[in-house]
Amino acid sequence: YDWVNANLTTEGDTWNAHQALKALAGDRLELFCSLCAAAGINLGFAAVDSAPPFKRPPDERLPRAGWAYPHDEDFAESFVVVRDGNDLVYISMEERLRPFGEVSARWFGAPAILWMDGEYSLQHLPGGDIEKDRFENRVHIELADDGSARLEGSNTVHGERSYAAKEQMRTAAFDELCNALEGDISQQFDGFEVTECRFPSLGKVGDPLVQEYVGEVKRMATM
């Protein structure tokens, strides 16, 4: 899992897992499953419905032909499943920077149809810390006598929303990232101008998305 996600950073133009392995580009899920099969690791596949708090109203479209059997379109998400002792580990390859076995809080307790060892079974995804997917914004303000201010702070995204954002930011120009961050902070502090910005751990699996900044507001308060 770690090797595939670390080495395949682009989709590429490959047709199968063998080509993806040679080119180090292509479908990560296909290559992951192929490497597991070659290593003798038994995989299962889970089709997952939404957990009750996130359940959408029924789709009123007419059923398609052959509607009586499960189909990808009938489910909200799918996972590859491996056994870890007596536990099941649900694996998503959608985001490259997602930690192994990390499941979004919105899937906690969600019902799933699992195919494994040649049999179907009804399962429920495990629960966990519902606060692991969260935003955390901090700022320290030094107000000067003339009403200007120096701001130093950070915007942090933990968990689910950080993975895709970090992947997108990883290949962006530094100046582009700084300008975007300045725009975000300006919505909270009118007239904010960034003088320094840092984006640690953009390429590291499991780390939160952290955007650190230092800047000034020429008129924060009137004296």
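Helix H5 (residues 174–186) comprises 13 residues and spans 18 Å from its first C-alpha to its last, close to the 18 Å expected at 1.5 Å a residue. The expected span of a helix is 1.5 Å times one less than its number of residues. The model is a predicted one, in which local features need pLDDT of at least 70 and side-chain atom pairs count only at pLDDT 80 or more, while totals for chains, interfaces and linings use all residues. Residues are numbered from 1 along each chain as its sequence is written, and side-chain values use heavy atoms, with hydrogens and water left out.

**Overall composition**

The protein contains five helices and nine strands. Helices (H or I, at least four residues) and strands (E, at least two) are DSSP runs, numbered from the N terminus. From the N terminus on, the elements follow the order α-α-α-β-β-β-β-β-β-β-α-α-β-β. Of the 223 residues in the protein, 36% are buried; buried denotes under 20% relative accessible area, exposed over 50%, and partly exposed the range in between (1.4 Å probe, protein chains only). Among contacts between residues at least 6 apart in sequence, 60% join residues at least 24 apart, a contact being heavy atoms within 4.5 Å.

**Helices H5 and H4 and the four-stranded sheet**

Leu177, Cys178, Leu181 and Ile185 are the buried residues named in H5. They cover an arc of only 95° around the axis, which puts them on the same side of H5; the arc is that of the directions from the helix axis to the C-beta atoms. Asp175, Glu176 and Asn179, on the other side of H5, are exposed. The packing partners of the buried H5 residues are strand E7 (149–158), helix H4 (160–170), strand E8 (192–198) and strand E9 (209–217).

In H4, the residues Glu160, Ser162, Tyr163, Lys166 and Met169 are buried. The buried residues of H4 pack against E7, H5 and E9.

Four strands form an open sheet in the order E6-E7-E9-E8, with antiparallel pairing. Its edge strands are E6 (134–143) and E8, each of which pairs on one side only. From one strand to the next, the twist averages 20°. H4 packs on the sheet, touching E6, E7 and E9, and its direction makes about 70° with that of E9. H5 also packs on the sheet, touching E7, E8 and E9, with its direction at about 135° to that of E8. For these angles, axes are lines fitted to C-alpha atoms, for helices over the stretch in contact, and angles run from 0 to 180 degrees between N-to-C directions.

**Strand pairing**

Strands of a sheet pair through backbone hydrogen bonds, either parallel or antiparallel. Here, two strands pair if DSSP finds at least two bridges between them. The table lists three such pairs.

| Strands | Sense | Bridges | Opposed residues |
|---|---|---|---|
| E8 and E9 | antiparallel | six bridges | Arg198 and Glu212 |
| E1 (residues 44–48) and E4 | antiparallel | four bridges | Phe45 and Trp115 |
| E4 and E5 (residues 119–124) | antiparallel | six bridges | Met116 and Glu119 |

E4 and E5 form a hairpin with two residues between them, and Asp117 in the turn has a positive phi of about 55°. Strand E4 (residues 111–116) has a covered face, made up of Ala112, Leu114 and Met116, and an uncovered face with Pro111, Ile113 and Trp115.

**Cysteines**

A disulfide is taken as a pair of cysteine sulfur atoms within 2.5 Å, and by this rule the count comes to one. Cys178 and Cys197 form this disulfide, with their sulfur atoms 1.8 Å apart. The pair links distant parts of the chain, Cys178 in helix H5 and Cys197 in strand E8, 19 residues apart. The torsion about their S-S bond is about 60°, so the disulfide is right-handed. Both Cys178 and Cys197 are buried.

The sulfur of Cys33 lies 6.5 Å from the closest cysteine sulfur, that of Cys36, which is too far for a bond. Cys33 is buried, with a relative accessible area of 16%, and Cys36 counts as buried at 7% relative accessibility.

**The surroundings of Trp3**

Trp3 is placed in helix H1 (residues 2–7) and counts as partly exposed at 42% relative accessibility. Leaving aside neighbours within four places in sequence, Trp3 is in contact with Leu8, Leu21, Leu24, Leu31 and Leu35. The C-alpha atoms of Trp3 and Phe32 are separated by 9.1 Å, the two residues being 29 residues apart along the chain.
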